[in-house]
Each structure stands twice: as C-alpha cells, then as structure tokens.
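Student: I would like to learn how to read a protein model feature by feature. Could we take the general idea each time, and then the case at hand?

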Amino acid sequence: MSDRHTTHFGFQEVVENEKAQRVADVFDSVAQRYDLMNDLMSGGLHRLWKAFTIAKSGVRQGSRVLDVAGGTGDLALAFAKKLGSSEQIWLTDINNAMLTRGRDRLYDRGCMVRVAQCDAEKLPFPNDYFDCVTVAFGLRNMTHKDLALAEMQRVLRPGGRLLVLEFSQVWKPLAPAYDFYSFKVIPRLGQMITDDEASYRYLAESIRVHPDQEALKGLMERAGFERVHYFNLALGVVALHRGFKF
Ligand code: SAM
C-alpha cells in the first residue's frame with residue numbers, strides 16, 4: 001500500500017503536494033475574467049452574500065481585518081468602505097495573478113489596503129493580532145483545511161471572530177436542479193467566457209466534496225473556535241460560518 005497522502009482535487013484523488021499547484025493553475029487561468037464569471041454564475045447574488053458577511057463581522061473603526069484567500073478583493077473593498085479607512089485591512093492570497101488583480105482593482109479606487117502573497121496554512125502574522133479574519137470561497141481549495149483554520153485562530157485576538165463564506169450543502173429538493181446548473185451550465189459558461197471549461201468543472205466538483213454545514217462547524221470547533229454558528233444563504237447553496245476565539 002502506498003504511504004503517500006492523497007486528497008481531493010474536485011472528484012479526482014491526487015497526491016497532497018500536487019493539489020496546491022493544480023489549484024494555482026485554475027486561478028492563473030481564470031483570474032482575468034473571475035469577477036465577470038462570479039456575477040454571471042450567481043446572477044449577482046455573491047454580492048449579497050459578501051454584504052451579509054460584512055454585516056456579521058462586527059468590525060468598527062480601528063479594527064484590524066485579515067481577508068485570507070481574498071483574490072480580487074471584494075471583501076477587502078467592502079471592509080474599507082465600512083471602516084472608512086484601509087490602513088488596518090490586509091488582502092492576502094496564495095496566487096499572484098488573483099492578488100495582483102485584486103490589488104490593482106483596489107488601488108485604482110483609492111483603496112490602499114495592505115497586500116501580502118501567502119499561504120493560508122502558514123500565515124505571516126503574529127499571534128493574537130486581528131479583530132476579524134474572513135475567508136470567502138477559499139477554504140474549499142486548501143489542501144489542509146485544519147491547518148488553515150488553526151492559523152486563522154492563531155492570528156485572531158481573544159474575542160475576535162472568523163467568518164467562513166463557502167459553498168455548502170443545498171436544500172435536498174433543490175439538488176437535482178442545482179446539479180444540472182453546476183455540471184451542465186457552469187462549465188459551458190466557463191468555456192464561453194474564459195475559454196476554460198475544466199476550471200469551472202473543478203468548481204462544481206470541489207463544492208460536492210467540501211464538508212457540509214455541520215462538518216465544517218465541527219472542523220472549526222476542532223481548530224479551537226467557540227460559539228460556532230452558521231447561516232444558510234440561498235437555501236444552503238452557500239453558508240456563512242462564524243466562530244469566536246476566546
Ligand atoms: N475571496 C475571493 C472572493 O470571494 O471572490 C476569491 C475566492 S477564489 C474562488 C479562491 C481563492 O483562494 C483564489 O484566489 C485562490 O488563489 C485562493 N487560495 C487557494 N488556496 C489558497 C491557500 N492555500 N492560501 C491562500 N489562498 C488560497
């Protein structure tokens with residue numbers, strides 16, 4: 001029997017140390033059209049889900065905020081608007097193409113957030129530092145979700161909160177329509193808009209192998225978060241999990 005550790009990359013099982021590169025290839029490929037695709041695929045709903053995340057963040061003037069896997073910067077931009085300042089906001093991502101696009105997009109709007117390219121599994125920040133950490137549609141792509149959650153816990157100050165916005169398990173009666181949309185419509189849309197059907201097939205597959213609402217709650221609790229609660233959005237297409245560090 002092989003002693004090599006494997007993990008999911010969508011429906012494929014891959015050797016653990018290959019996943020990060022496979023994920024990087026996906027986001028290198030889609031970065032330029034990522035925002036357009038988000039609006040098209042969700043009919044603009046991702047904006048409401050992100051607004052709900054900000055509403056649950058509890059941030060106020062002076063709060064230190066870390067957006068992990070922040071990509072093209074939607075949450076960082078929304079935090080800057082809410083706080084009226086960008087000084088204490090960090091936009092981070094492992095992927096240079098996504099992060100560069102996010103940084104340019106924010107700087108073009110005069111929003112001078114701090115930017116760092118880093119792996120969520122090894123965050124370059126001190127212990128007990130941030131008031132709020134967010135990760136939107138990023139956790140699913142990480143090889144070791146437990147390590148990433150533990151890192152987010154480490155950098156939060158006591159009393160701080162983590163918000164995880166992620167695709168989740170849809171309400172059962174909606175599942176057949178959702179499957180059709182995910183596996184037939186989205187990859188075709190991906191092909192038309194980004195010339196990359198495979199990356200959008202990975203999107204649909206990665207959602208199916210991601211922990212459901214209760215399983216993610218358990219992962220967060222095992223990483224040390226307390227009072228973990230989740231909100232189902234769009235009948236569970238997406239869930240926002242919130243947990244506190246005490
Ligand atoms: N948060 C943004 C949003 O909601 O629009 C971007 C989400 S995008 C679907 C997922 C992001 O996760 C990509 O930018 C990808 O590079 C990033 N990512 C994947 N694995 C990561 C890791 N180990 N550490 C940090 N970022 C990661």
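Tutor: Let us begin with burial, for which a residue is called buried when its relative accessible area is under 20%. This is a predicted model, and in it Phe137, at 11% relative accessibility, counts as buried. Phe137 sits in the loop between β6 and α6 (145–155).

Student: What is the phi of Phe137 near, and how should I read that value?

Tutor: The general idea is that most residues other than glycine have a negative phi. Phe137 departs from this, with a phi near 55°, a positive value in a residue other than glycine. Asp195 also has a positive phi, of about 60°, although it is not a glycine. Asp195 lies in the loop between α7 (175–194) and α8 (197–208).

Student: Is Asp195 buried or exposed?

Tutor: Asp195 is exposed, because its relative accessible area is 61% and the cut-off for exposed is over 50%. Between the two cut-offs comes the partly exposed class, and Ala78 belongs there because its relative accessibility is 27%. Ala78 is found in helix α4, and its C-alpha is 8.4 Å from that of Lys50, although the two residues are 28 apart in sequence.

Student: How many residues does the largest nonpolar core have, and which of them have the most contacts inside it?

Tutor: The general idea is that, in soluble globular proteins, nonpolar side chains tend to be buried together. Here the largest nonpolar core has 47 residues, and those with the most contacts inside it are Phe79, Ile89, Leu165, Phe167 and Val238. Helix α4 (residues 74–83) gives the largest share of this core, six residues. If we look at Phe167 and leave aside its neighbours within four places in sequence, its contacts are Phe137, Arg140, Tyr178, Leu203, Ile207, His210, Val237 and Val238. There is also a second, separate core of 26 residues, which includes Ala116, Phe125, Phe130 and Leu156.

Student: Where is Thr134 found, and with which side chain does its own side chain make a polar contact?

Tutor: Thr134 is found in strand β6 (residues 130–136). Thr134 is classed as buried because its relative accessible area is 0%, and its side chain makes a polar contact with the side chain of Asp67 at 2.8 Å. Beyond its neighbours within four places in sequence, Thr134 is in contact with Thr53, Leu66, Asp67, Val68, Leu75, Phe79 and Leu163.

Student: Now for the ligand: how many residues surround it, and which are the closest?

Tutor: The ligand is surrounded by 20 residues, of which the closest are Tyr34, Ala69, Asp93, Ala120 and Ala136. By class, this shell has 11 nonpolar, six polar and three charged residues. Helices α1 (16–30) and α2 (34–42) each supply at least two residues of the shell.

Student: Which atoms of Ala69, Asp93 and Ala120 should I look at beside the ligand?

Tutor: In Asp93, look at a polar side-chain atom, which lies 2.6 Å from an oxygen atom of the ligand. In Ala69, a polar backbone atom is 2.8 Å from a nitrogen atom of the ligand, and in Ala120 a backbone N or O atom lies 2.9 Å from a nitrogen atom of the ligand. As for cover, the ligand on its own has 600 Å² of accessible area, and the protein covers 95% of that.

Notes
Residues numbered from 1 in each chain as written. Predicted model: local features only at pLDDT ≥ 70, side-chain atom pairs only at ≥ 80, totals over all residues. Heavy atoms only, no water. Helix = DSSP H or I, 4+ residues; strand = E, 2+ residues; numbered from the N terminus. Buried < 20%, exposed > 50% of the residue type's maximum accessible area, 1.4 Å probe, protein only. Polar contact = N/O pair within 3.5 Å; in protein donor to acceptor, adjacent residues only side chain to side chain. Contact = heavy atoms within 4.5 Å. Near = heavy atom within 4 Å. Areas by Shrake-Rupley, 256 points an atom, 1.4 Å probe, with all protein chains shown as cover. Nonpolar A, V, L, I, M, F, W, Y, C, P; charged D, E, K, R; others polar. Core = buried A, V, L, I, M, F, W, Y, C linked by side-chain atoms within 4.5 Å.
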